[in-house]
Amino acid sequence: MIREKSTHAQEQIDQTSNYKEVAALTKEIEGFAKRLEKIEFETFKLLERSDKIKTVEEQVASALVRLNKQDAELLEEYQGQAAALKKEELQAQQEREAFEKALPEDLAKCYEKAREAKGGFGAARIEGTHCSGCHVEYTEGQIAKLRGGEHISECPYCHRLLVVE
Ligand SMILES: [Zn+2]
């Protein structure tokens, strides 16, 4: 539009011989040229910014591709681990049921009761001088009594099934 206006003013100059008119039109053309220069400068700056934005966009896009790939790999790994854990859990459950059946009835009951009360951990063993379940320290007398008794007993504190090794 500015270029058209400038061309039009030039045409008017070509058609007149009036000095004042020529001077006014020339000034107008100079003003148009300055405005064009300013617009070109701003356009250049905008193009520079646009280039920078495009670079960032490309970086973001490639990062997204990379992250999507990682996500898929992690999901696959997680699903594999979850399946393996599920299998282990089933095996452990079957083993536990088999061991429970092998226990005398009163000890099996003691174990079930403790398991329900202690968040799934119904059995413990003597570790040094304390119970591995509740960590209460036994007296020397208690230790002697436990060691002198059955291989499988009951913790007098947490009432878990106690394995005496
Ligand atoms: Zn205990």
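**Exercise 1.** In β4, which residue is the bridge partner of Ile-152?

*Solution.* The model you are looking at is a predicted one. Begin with the two strands concerned: β3 and β4 run antiparallel and are joined by three bridges. Following the pairing across from Ile-152, you arrive at Val-163, its bridge partner in β4.

**Exercise 2.** Work out the order of the strands in the sheet, and explain why β2 and β3 each have one side without a neighbour in the sheet.

*Solution.* As a first step, recall that strands of a sheet pair through backbone hydrogen bonds, and that this pairing may be parallel or antiparallel. Next, take the pairs one at a time. Two bridges join β1 to β2, and these strands run antiparallel, with Ile-126 standing opposite Cys-131 in β2. β1 and β4, in contrast, run parallel and are joined by three bridges, and here Ala-123 stands opposite Leu-161 in β4. Adding the antiparallel pair of β3 and β4, we obtain an open sheet of four strands in the order β2-β1-β4-β3, with mixed pairing. Since β2 and β3 stand at the edges and each has a single partner strand, one side of each is left without a neighbour in the sheet. One detail of the turn can be added: the hairpin of β1 and β2 has two residues between the strands, and in this hairpin Gly-128 takes a positive phi near 65 degrees.

**Exercise 3.** Describe helix α3 and determine which of its residues are buried and which elements they pack against.

*Solution.* Start with the helix itself, which comprises 13 residues, 105-117, and reaches 18 Å from its first C-alpha to its last, close to the 18 Å expected at 1.5 Å a residue. Then look for burial, which we find at Cys-110, Tyr-111 and Ala-114. These residues lie on the same side of α3, because they cover an arc of only 100 degrees around the axis. The buried residues of α3 pack against α2 (19-102), β1 (123-127), β3 (152-154) and β4 (161-163). The opposite face, turned away from the buried side, carries the exposed residues Glu-105, Lys-109 and Glu-116. As for its placement on the sheet, α3 lies across β1, β3 and β4 and runs at about 110 degrees to β4. Finally, just after the helix, Gly-119 takes a positive phi of about 60 degrees.

**Exercise 4.** Locate Glu-137 and decide whether it is buried or exposed.

*Solution.* Glu-137 is found in the loop between β2 (130-131) and α4 (140-148). To judge its surroundings, count C-beta neighbours inside 10 Å: Glu-137 has 11, and a residue with 12 or fewer is exposed, so Glu-137 counts as exposed. If we leave aside the neighbours within four places in sequence, Glu-137 is in contact with Thr-129 and His-130. Ala-98, by comparison, is 39 residues from Glu-137 in sequence and 31 Å away in space, C-alpha to C-alpha.

**Exercise 5.** How does the radius of gyration of the chain compare with that of a compact globule of 165 residues?

*Solution.* First set out the elements: the chain has four helices and four strands, which follow the pattern α-α-α-β-β-α-β-β along the sequence. Next, compare the two values, which are near 15 Å for a compact globule of 165 residues and 45 Å for the chain. The spans of the C-alpha trace along its principal axes can be set beside this, at about 130 × 35 × 20 Å. As a last step, consider burial, and note that buried residues make up 8% of the 165 residues.

Conventions:
Residues numbered from 1 in each chain as written. Predicted model: local features only at pLDDT ≥ 70, side-chain atom pairs only at ≥ 80, totals over all residues. Buried ≥ 20, exposed ≤ 12 C-beta atoms within 10 Å, placed from the backbone. Contact = placed C-beta atoms within 7 Å. Expected span 1.5 Å × (residues − 1). Arc of directions from axis to C-beta. Rg over C-alpha atoms; globule rule 2.2 N^0.38 Å. Pairing = 2+ DSSP bridges. Axes fitted to C-alpha atoms, helices over the stretch in contact; angles between N-to-C directions.
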